[in-house]
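Got the model open in your viewer? Let's take a short walk through it, one selection at a time.

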Amino acid sequence: GCAPLAVIGEKEGPIIERPSLQLLVDLSPPRQKAVVSVYKFVDATGQRKTVDNMALFSTAVTQGGDMYLIEALRNAGKGAWFTVVERAGLANLTRERQLIVNTRESYDGEGANKLQPLLYSGLIMEGGIISYDTNFMTGGIGARYLGIGINNRYKRDRVTVSLRAVLVQTGEILLNVSTSKTIFSAGAGSDVFKFYEAGTELIEIESGLTENETVGYAVKTAIETAVYALIIQGIELDMWDYKEGE
């Protein structure tokens, strides 16, 4: 019979550092910190995972883009650019605050300590993952001589996100950016196919290695780049500015 052969190493992979995150963190602080809210960051691609000989219902990209966006906003300038208020779990927050109010009134009466008011935002950050192009570029090379062969393959996918800043007072879209990230996949393999004696003995050995850049990493990088581009666009339009001397 034939069985796949692969060597699995015990060495840990390198620590991945995202240039997009470093750009965000290194931003100088603004004159005034903006209060923003994130309700959702939708997957508008409609793409599903594709696997040979199988039918999957899992989505091709993450459904938690709003969490990536909140993290990117909080990382901008080491937290100096935006104050992000909770909106995805607003119903839970409201119920919890009501529970506190009821409990205080029950035990302390009308003179109970009041809760601080909730922050309201001046800007709403909205957008989503608008495209996921699979196999937009593929290729490879292979050769065989005397029953011994090698082959290399590569594939490129691309994910695109869109982000906009909406002014709460008027509903006007002040800023809008789109960013893309390429997802690389590569594979290398080798095989040996020989007859030792005609019709009696046969040997076939195959080995290979495939490395795929994760879609989650690509989405996170694209969102971080979008937040950075949104800030730079706002600076160019004189919507906000750095502190003196920065």
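**First stop: a pair of strands**

Select Arg164: this residue is partly exposed, with a relative accessible area of 27% (buried is under 20%, exposed over 50%, partly exposed in between, using a 1.4 Å probe and protein chains only). Before going on, note that this is a predicted model, where local features need pLDDT of at least 70, side-chain atom pairs count only at pLDDT 80 or more, and totals for chains, interfaces and linings use all residues. Numbering runs from 1 along each chain as its sequence is written, and side-chain values use heavy atoms, with hydrogens and water left out.

Now add Glu126, which forms a salt bridge with Arg164; their closest N and O atoms are 3.1 Å apart (the rule: a side-chain nitrogen of Lys or Arg within 4 Å of a carboxyl oxygen of Asp or Glu). Arg164 sits in strand β5 (residues 148-167) and Glu126 in strand β4 (residues 123-145), so the pair ties together parts that are 38 residues apart in sequence. Helices (H or I, at least four residues) and strands (E, at least two) are DSSP runs, numbered from the N terminus. Glu126 is partly exposed too, at 27%.

**Second stop: a pair of helices**

How many salt bridges does the rule give? The count is two, so pick Lys220 and Glu71 next: they form a salt bridge with the closest N and O atoms 3.4 Å apart. Lys220 belongs to helix α4 (residues 215-236) and Glu71 to helix α2 (residues 65-75), so this pair links parts that are 149 residues apart in sequence. Lys220 is buried, at 18% relative accessible area, while Glu71 is partly exposed at 32%.

**Third stop: around α2**

Stay on α2 and colour Gly65, Asp66, Leu69, Ala72 and Leu73, which are buried. Look down the helix axis: these buried residues fall within an arc of 120 degrees, so they line one face of α2 (the arc is that of the directions from the helix axis to the C-beta atoms). On the other side, Met67 and Arg74 are exposed. Gly77 follows α2, and its phi is positive, near 60 degrees.

**Last stop: a pocket**

Finish at the second largest pocket, with a volume of about 300 Å³. Of its 14 lining residues, Gln32, Lys33, Ala34, Val35 and Trp240 are the closest to its centre. On a 1 Å grid over the protein atoms alone, a pocket is an open set of points with protein on both sides within 12 Å along at least five of seven lines, and lining residues have an atom within 4 Å of a point. Points are joined across faces, edges and corners, and the volume is the space filled by probe spheres (1.4 Å) set on them.
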